[in-house]
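Welcome! Please take a look at the sequence and the structure, and keep both at hand while you work.

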Amino acid sequence: MAALDDSPSAKKWLPLEANPDVMNQFLWGLGLLEDEAECFDVYGLDLELLEMVPKPVLAVLFLYPLTSKSEEERLLQANENKETSSKVYFMKQTVGNACGTIGLLHAVGNITSEIKLLEGSFLDRFFKTTATMDPLERASFLENDREMEVAHSVAATAGETEASDNVDTHFICFTCVNGELYELDGRKSGPISHGPSSPSTLLQDAAKVIQDMIHKNPDSLNFNVIAVSKKAGGAS
């Protein structure tokens with residue numbers, strides 16, 4: 001499963017499956033050191049199941065269905081001018097079905113101080129090159145990056161479900177920056193703050209926001225939650 005977007009761009013990728021194994025191979029191949037961080041399924045949002053997720057959690061990815069309700073809320077949020085920390089790494093989405101990759105870039109881009117990237121790797125070069133760009137410039141840089149397009153294509157065809165570009169689901173990322181929980185969605189105008197958070201409560205705080213989104217779409221079962229967790233012995 002993975003992701004629709006409404007950009008006017010003619011470029012469209014195959015969607016990335018909500019599969020931790022696929023995401024891990026994708027990220028490790030791009031330069032995230034294998035002993036630094038790993039993606040894990042989150043099997044439920046009650047406290048007992050959240051406790052099963054390896055800690056510490058560095059970011060949370062959420063796949064949800066695009067509905068008239070979710071689109072209505074997105075348009076309302078687009079009209080809100082909220083001040084956000086300049087330290088939040090955010091990029092727009094201008095490639096169709098790229099939301100899985102952009103969710104992962106949002107995750108890694110906001111934890112570069114917590115993890116090590118292979119020097120000279122794609123991710124190392126990408127974040128160094130785009131550090132001072134604005135969200136649209138980052139989107140354009142990604143859209144024109146052939147290396148990422150090929151890597152995404154390989155990952156998109158590595159899942160268990162047959163790849164199709166006709167999807168109606170979307171990935172977003174939750175991360176904690178400067179003591180605040182941010183929702184990062186390339187289809188929105190900027191980061192959305194969901195209030196105070198901390199590295200130790202990120203998963204629980206994100207779960208509350210996710211539960212609210214699920215409750216607003218009671219007729220759908222098409223949800224997936226994936227945590228990006230730091231591996232024991234990784235860089236501090």
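Below are four short exercises on this predicted model, each with a worked solution.

**Exercise 1. Find where UniProt places the feature "active site", and locate each residue in the fold.**

Step 1. The UniProt record, an unreviewed entry, puts this feature at Cys99 and His170.

Step 2. These positions are spread over 72 residues of sequence, yet they cluster in space, with a largest C-alpha distance of 6.4 Å.

Step 3. Now look up the elements. Cys99 belongs to helix 4, which covers residues 99–109, while His170 sits in strand 3, residues 169–177.

**Exercise 2. Decide whether Cys99 and His170 are buried or exposed.**

Step 1. The cut-off to use is this: a residue is buried when its relative accessible area is under 20%.

Step 2. Cys99 has a relative accessible area of 1%, so Cys99 is buried.

Step 3. His170 has a value of 0%, so His170 is buried as well.

**Exercise 3. Work out which strands pair with strand 2, and in which sense.**

Step 1. Begin with strand 6, residues 224–230: strand 2 pairs with strand 6 in the antiparallel sense, over 6 bridges. Within this pairing, Leu61 stands opposite Ile226.

Step 2. Go on to strand 3, which also runs antiparallel to strand 2 and is joined to it by 6 bridges. Here Tyr64 has His170 as its bridge partner, and His170 is one of the positions from the UniProt feature.

Step 3. Finally, check how covered strand 2 is: 9 of its 9 residues are buried.

**Exercise 4. Examine the backbone at Pro56, Asn97 and Asn178.**

Step 1. Recall what to expect: most residues other than glycine have a negative phi, and most peptide bonds are trans.

Step 2. The peptide bond from Lys55 to Pro56 is cis, with omega near -5°. Pro56 lies in the loop between helix 2 (47–50) and strand 2 (57–65).

Step 3. Asn97 has a positive phi, near 65°. Its place is the loop between helix 3 (68–78) and helix 4. With 1% relative accessibility, Asn97 counts as buried.

Step 4. Asn178 has a positive phi too, near 50°. This residue is in the loop between strand 3 and strand 4 (180–184). Exposed means over 50% relative accessible area; Asn178 has 55% relative accessibility, so Asn178 counts as exposed.

Definitions and conventions. Residues are numbered from 1 along each chain as its sequence is written. This is a predicted model: local features need pLDDT of at least 70, side-chain atom pairs count only at pLDDT 80 or more; totals for chains, interfaces and linings use all residues. Side-chain values use heavy atoms; hydrogens and water are left out. UniProt positions are given in the numbering used here, feature names are shortened, and annotations may be inferred rather than shown by experiment. Helices (H or I, at least four residues) and strands (E, at least two) are DSSP runs, numbered from the N terminus. Buried means under 20% relative accessible area, exposed over 50%, partly exposed in between (1.4 Å probe, protein chains only). Two strands pair if DSSP finds at least two bridges between them.
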